[in-house]
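Q: Got a minute to go through this one with me? I'd like to talk strands, then helices.

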Amino acid sequence: MSTKPPVLELRSVDKSFGPIDVLHEISLKVGEGEVLCLLGDNGAGKSTLIKTLAGVHQPTRGQILMDGQAVSFATPRDAADRGIATVHQFGGTFPLMSIGRSFFVGVEPTKGWGPFRVYDRKTANEIAVKAVQSFGITRIDDGDRLVGGLSGGERQSLAIARAVHFGARVLILDEPTAALGVKQAAHVLRIVNEAKKRGLAVIFITHQVMHAMAVGDHFAVLIRGAIAADFRKGEKSREEITDLMAGGASMSSLEAEIEGYMASHDGHPPQVA
Ligand SMILES: Nc1ncnc2c1ncn2[C@@H]1O[C@H](COP(=O)(O)OP(=O)(O)O)[C@@H](O)[C@H]1O
Ligand SMILES: [Mg+2]
């Protein structure tokens with residue numbers, strides 16, 4: 001890597017809703033082929049931050065830069081046009097649509113001419129399946145299948161493959177693994193690594209420290225709307241990160257205690273009587 005400016009940068013961004021200050025002085029950078037993990041407990045301001053990056057909200061103060069140039073997004077469309085893609089927890093896809101259809105929703109390939117122009121199902125299916133398979137999801141091999149029949153991890157993967165296919169440069173993932181089982185989450189983490197290999201700048205939001213550590217190059221911990229810590233891969237242990245997220249409370253020992261309990265009780269968490 002060189003002196004290239006970061007793909008996306010925030011400089012001292014504040015966001016208030018009327019009298020309520022939600023984000024304070026947020027400064028962050030994410031470069032090509034880099035994964036920035038944004039960690040923070042519920043209510044820390046993670047969603048507000050990504051909505052500000054995705055054009056849903058506008059910063060109250062501060063600047064957003066892309067490739068070193070100040071940008072402003074009046075609408076989510078503006079952010080999307082600049083290559084900022086946001087994938088939400090459930091993939092944001094349409095359960096009753098086929099895989100091919102949902103991949104191309106809004107940009108359907110057509111065949112024929114004038115009034116005879118029709119949606120080219122075969123081409124759409126081929127392109128969609130190929131794109132998803134190139135991410136290693138070989139179980140998706142029929143573009144006619146309904147999105148609703150895919151697992152949570154497969155839906156996420158489809159949404160990520162779609163964003164990459166249509167030229168996203170920044171991929172924002174809001175808690176993509178929160179509702180997934182271990183195997184499914186591993187699936188999504190692999191896709192995140194693949195997106196990174198393809199040179200995307202990835203912002204990965206999570207409160208699962210292990211998931212963050214599996215893909216992150218750079219970490220920022222958000223507490224009550226401010227960056228409480230900002231560090232690179234290898235600089236902090238899992239325990240330190242967990243404690244940071246809890247605002248300095250020693251959560252890691254509690255977590256270890258619960259894990260120990262579960263290990264000796266067939267995976268069941270302690271019950272409150
Ligand atoms: N539109 C809004 N108006 C007022 N307060 C808001 C608004 N959106 C979010 N907040 C507040 O900002 C804080 C952070 O919320 P959020 O960004 O959703 O946190 P997280 O995603 O980290 O759980 C919360 O206290 C929430 O109530
Ligand atoms: Mg949130």
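A: Sure, here is a quick run through some strand pairing and one helix contact.

A: It's a predicted model, where local features need pLDDT of at least 70, side-chain atom pairs count only at pLDDT 80 or more, and totals for chains, interfaces and linings use all residues. Residues are numbered from 1 along each chain as its sequence is written, and chains are lettered from A and ligands numbered from 1 in the order in which they are written.

Q: How do β1 and β4 pair?
A: Antiparallel, over five bridges, with β1 at residues 8-17 and β4 at 61-66. Strands are DSSP runs of E, at least two residues, and helices runs of H or I, at least four, numbered from the N terminus; pairing takes at least two DSSP bridges.

Q: Which residue in β4 partners L10?
A: I64. In β5, I64 has V71 as its bridge partner, and β4 and β5 (residues 69-71) are antiparallel over three bridges.

Q: What about the hairpin of β4 and β5, which residue takes a positive phi?
A: D67, near 50°, and two residues sit between the strands.

Q: Switching to helices: how do the axes of α5 and α6 cross?
A: At roughly 10°, coming within 8 Å, for α5 (152-165) and α6 (182-197). Therefore α5 is roughly parallel to α6, a label for angles under 35 degrees. Axes are lines fitted to C-alpha atoms over the stretch in contact, with angles from 0 to 180 degrees between N-to-C directions.

Q: Which residues in α5 meet α6?
A: G152, G153, Q156, S157, I160 and V164, against Q184, H187, V188, I191 and A195 in α6. Contact here is C-beta atoms, placed from the backbone, within 7 Å.

Note on methods
Angles under 35 degrees count as roughly parallel, over 145 as roughly antiparallel, 65 to 115 as roughly perpendicular and the rest as oblique. Two residues are in contact if their C-beta atoms, placed from the backbone, lie within 7 Å.
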